[in-house]
Amino acid sequence: MVSQNIRHEVRLLSRNYWFVSLSLVLVLLCLYAGYNGLRHFERRQADQQQAIAAQQEKEDLIQEVALNLSKGEEHPSAFRLSPMNVAIYTGQLATMPATEISKLAIGQSDLYTHQIKISSSEDLATLSFNELNNPVQLLFGNFDLAFVLTYLVPLVIIAFTYNLRTQELESGRLRLLASNPINTNLWLLQRFIIRYCSLAIILTFILTLTAVMVGMAFSLSLVTFFLLTYAYLAFWFAVSYLVNIYGYSSAKNAVSLLSLWILLVLILPTVINQAANTVYPMPSRVTLLNEIRQTKKELSQEQDRVLDEYLRNHPELIRNEGQNAYGYWQGYFASQELMEEELSPVINRFDEQLTKQQKWVDSWGLLSPAVLFQDGATELAGTSSKNYNEFKANVRSFSLDWRAHFMPFVFDNTMLEHSDLEALPKFEYRSILGTSGVLVNISVLLILSVLMAIRGLALEGKQELLSFSRS
Amino acid sequence: MMVFRVAKKEILEMTRSGQFKWMLGIVVALSVVAIYISHVHWQEKNLQRELAQEDARSLWLAQGATNPHNAAHYGTYAFKPQFPLSLIDPGVEKFTGVSIFLEAHSRNEADNVAAADQTGLSRFGDLTPDFILLFIVPLMIIALGHQSVTKEKEQGTLRIIKTQGISNQQLILGKWLGNYAPVAILTTIIFILAALFIRQIDWKFVATMWLVYLAYFAIVNSITLVISSFLNNSGISLVILLAIWIVSCLAVPKTASSFTNEKHPYPTRQEFDAAVAEDKKKGLDGHDPWSEASKKLEQETLQAYEVSKLEDLPFNFDAFRMQKGEEHETAIYFKHNEKLKEVHQKQTQVYRSLAFLSPFLPTRFLSMSLASTDYSTHWNFADAAEKHRVEMQRVLNTNFAENSKLGEWSYKADASLLSEVPEFNFEAPDFGEVMDANKSNLLILTAWLLGSFALLFFASTRV
């Protein structure tokens, strides 16, 4: 049965004018989406390189000054080696490099910046990670490959499978088939699997073509992306299989499948999102602004108390000259640090709420294959909100280290030397996300597909046919 | 009248179908939830902003007697008010900041972008009334109307109807009305329901927005009937209409945004800041008396007042220099923001010229504009905040210059100075301005409306 089925399906598909032309349209759409992704990637890279170069220039300058001074020469810009200058003006650039897969899924990368200057004068509470952007563009989103796969490909699947069984039923051929000693549902499943494989092969070809066009090298992440796509396809084929078995008319099947598409791709994600915002509402940022100001004001009014308190907690910084020797900068650095300490519970409230929202989305997202796919694809691409939360957390913790590193210099009132520049902390974006989340999404999609297929197989195909003919 | 009889029959048939009841039930339920949730969020945010605005003002005034320049550095916040119609269409609000810090020497960007505090799912959209109106209602029109004519052909009833002495135009118009009436009623109910929740309602805006959506749905309805008239098979009609829906509501906006950004890209924040810093370095820094620009200003001022020493000037030169520096910096920010605005205007131009590709685009832009949640209103807000900041600096620096001597940094102005700085107040553009700014969108929407009717007329001759 299998080989006959395969031959039959291949013949049908290759003669199906619609299938061939839609595949061609799909090629064009994917290539265009790939091009958009590539351009986005290139811009992101170029912007980052430019920012890195500008930062390098600043760092080279202090290197040069330090080198001159270490040789015992004088330099007009010697003040640049003061800890305040290095900590605040020179600062350091925190960057989040783009991954190759981000060419396929732009995700949140149009919303956030990927290079941010770390300076000891910045308050973490108001540090902005948003990129300058036209909000209309953010509202509409991007035409990237993830969009084509999430929204359009399911419709192609629906168009080519909605009547696989009902067509036979309506033309009366199904009864002829059923009179043979075969399980009609198994026969139908085979047709679905064959169509699934055909589309998977075509998409593999299209995706490979796109990947080559955008200059992607073969990698494990790319393979995972392919697997995710196959799993997503499988889900929609399985849904269509089940609808085919339950449905009696092609027209009704089409309406049911399209309604499911609207529900799963369009409505569910927005409902889950809205629910997450309602169940775990974010505290108000605008209220936070005034809280910050209040805290700042209190600290600045009591500069002496702040310094005292700070030194009580950091006795290692107390020098023999006595507290009175300390001036503006010591007070400034101490109050900055105390402020971060005082505000950190407030800021953590935001992070906690966001983490809860993310958990809610992760669990309810299981209801929508579109969410699973989008989530997995952006996570692979390093452009999911989880990645950006990681980046933000990395930046925040590095900022604290950065300030702490300069504290002894500030309180010692000493300038940095050439050797000190080598010892400056370096920012590096570390992601511990890995691909485990993506593998979970792939597994969920596959398990759901298999369950639906088993359910369809378990239904008595012929029995049902009899009852249908009786009615 | 034949037309009304056909329409009546269509509606009657619809009310008898289970599919229609289900669909209507779902859309109504979604609308009610969307309006209610939007209302709750709206009130919450409104309260937060009003409180924050009050707090910011009282913190500003609580500084008491202080040095004017210290007060300038302490600064204050400008908050964007929540506009009433944002309950129906929050537009780009989620992606624009709501607060701007007003301080000496720098123009800050609007901050606190709501989308940054949400998960990636927020990019799928929010369950708000505009989502239902823009995306779901057109789908409902398609679901109801795709088989309107094809069904008659499939069942062979078309010939019977024609024997009753009805013209093709009358039949199609009747079907158009029959399909449109429930949608128009639903839209009206959504608007009335939303209006019940809106405070300080301006009927001109609400009524225009209602008309815009009615026009949008009329276009979708005409296209649906055109396709249904041309084809003989309901299934194919549905697939084609859905393809049109996806292209118009999802693909075209996304393509437009990718294309626009490609053509006129924004600089990154890093680039923008660097360019501003570069220009600032070249000119006068109010805090740096040793720079070349400061020395030049010194000479010019001494000459103008015909005195030899700064101490002999009738005002505090430090504060005067501060104000001059401020003016220089303001000019730089103005220049760079104008450049940015130019990019924004070019981008808007591209969006507008692409609006003829899909009736979704002019509707989307008009709706946001009427709700004062579009990007232009945000620009207006940013400009108003900057104007306020400049005025604030002028008041403070003038007081400093006139009431203190050179080097008298310990000078403290009376607390009443702080209340001389006016409270920040931002008004949304009025109706005339909104209509004026959206002339091309209105034009394109009208063209779509007329075009789709013309097509419908043509299609009716081919039934």
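Helix axes are lines fitted to C-alpha atoms over the stretch in contact, and the angle between two of them runs from 0 to 180 degrees between N-to-C directions. The model discussed here is predicted.

Q: How do the axes of helix α12 and helix α14 of chain B lie with respect to each other?
A: The axes of α12(B), which covers residues 317-354, and α14(B), which covers residues 375-403, approach within 9 Å and cross at roughly 170 degrees. Angles over 145 degrees count as roughly antiparallel, and the two helices are therefore placed in that class.

Q: Which residues make the contact of α12(B) with α14(B), and what are their classes?
A: On the α12(B) side, the residues include Ala319(B), Phe320(B), Met322(B) and Lys341(B), while those of α14(B) include Tyr375(B), Trp379(B), Val390(B) and Arg394(B). Sorted by class, this contact holds eight nonpolar, five polar and three charged residues.

Q: What makes Lys341(B) count as partly exposed?
A: Lys341(B), a residue of helix α12 of chain B, has 15 C-beta neighbours inside 10 Å. A residue is buried at 20 or more such neighbours and exposed at 12 or fewer, so the value for Lys341(B) falls in the range in between. The C-alpha atom of Lys341(B) is separated by 9.6 Å from that of Ser376(B), although their positions lie 35 residues apart along the chain when counted as a sequence separation.

Q: Why is Asp130(B) called buried?
A: Asp130(B) has 26 other C-beta atoms within 10 Å, and the cut-off for a buried residue is 20 or more, so Asp130(B) meets the criterion. This residue is found in helix α4 of chain B, residues 129-145. Leaving aside residues up to four places away in sequence, Asp130(B) touches Ile88(B), Asp89(B) and Ser367(B). Asp130(B) and Ile35(B) are 95 residues apart in sequence, while their C-alpha atoms are 9.6 Å apart in space.

Q: How do you know whether chain B is more spread out or less spread out than a compact globule?
A: Chain B, with its 17 helices and two strands, has a radius of gyration of 30 Å, well over the 23 Å that the globule rule gives for 463 residues, so chain B is more spread out than a compact globule. Taken along the principal axes, the C-alpha atoms of chain B fill a box of roughly 105 × 40 × 40 Å. Of the 463 residues, 46% count as buried. Among contacts with a separation of 6 or more, 84% come from residues 24 or more positions apart.

Q: What makes up the side of chain A that touches chain B?
A: In all, 65 residues of chain A are in contact with 64 residues of chain B. The largest share of the side belonging to chain A, 15 residues, comes from α10(A), and by class this side divides into 30 nonpolar, 28 polar and seven charged residues.

Q: Where do domain 1 and domain 2 of chain A lie in the sequence, and how many residues of each are in contact?
A: The domain assignment gives domain 1 as 2-27 + 145-266 + 439-470 and domain 2 as 35-142 + 279-430. Their C-alpha centres lie 48 Å apart, and 22 residues of domain 1 are in contact with 21 residues of domain 2. On the side of domain 1 that touches domain 2, the largest share, seven residues, comes from α9(A), and that side has 17 nonpolar, five polar and no charged residues.

Key:
Residues numbered from 1 in each chain as written. Chains lettered and ligands numbered in written order. Predicted model: local features only at pLDDT ≥ 70, side-chain atom pairs only at ≥ 80, totals over all residues. Helix = DSSP H or I, 4+ residues; strand = E, 2+ residues; numbered from the N terminus. Rg over C-alpha atoms; globule rule 2.2 N^0.38 Å. Contact = placed C-beta atoms within 7 Å. Parallel < 35°, antiparallel > 145°, perpendicular 65-115°, else oblique. Nonpolar A, V, L, I, M, F, W, Y, C, P; charged D, E, K, R; others polar. Domains from an automatic or database assignment.
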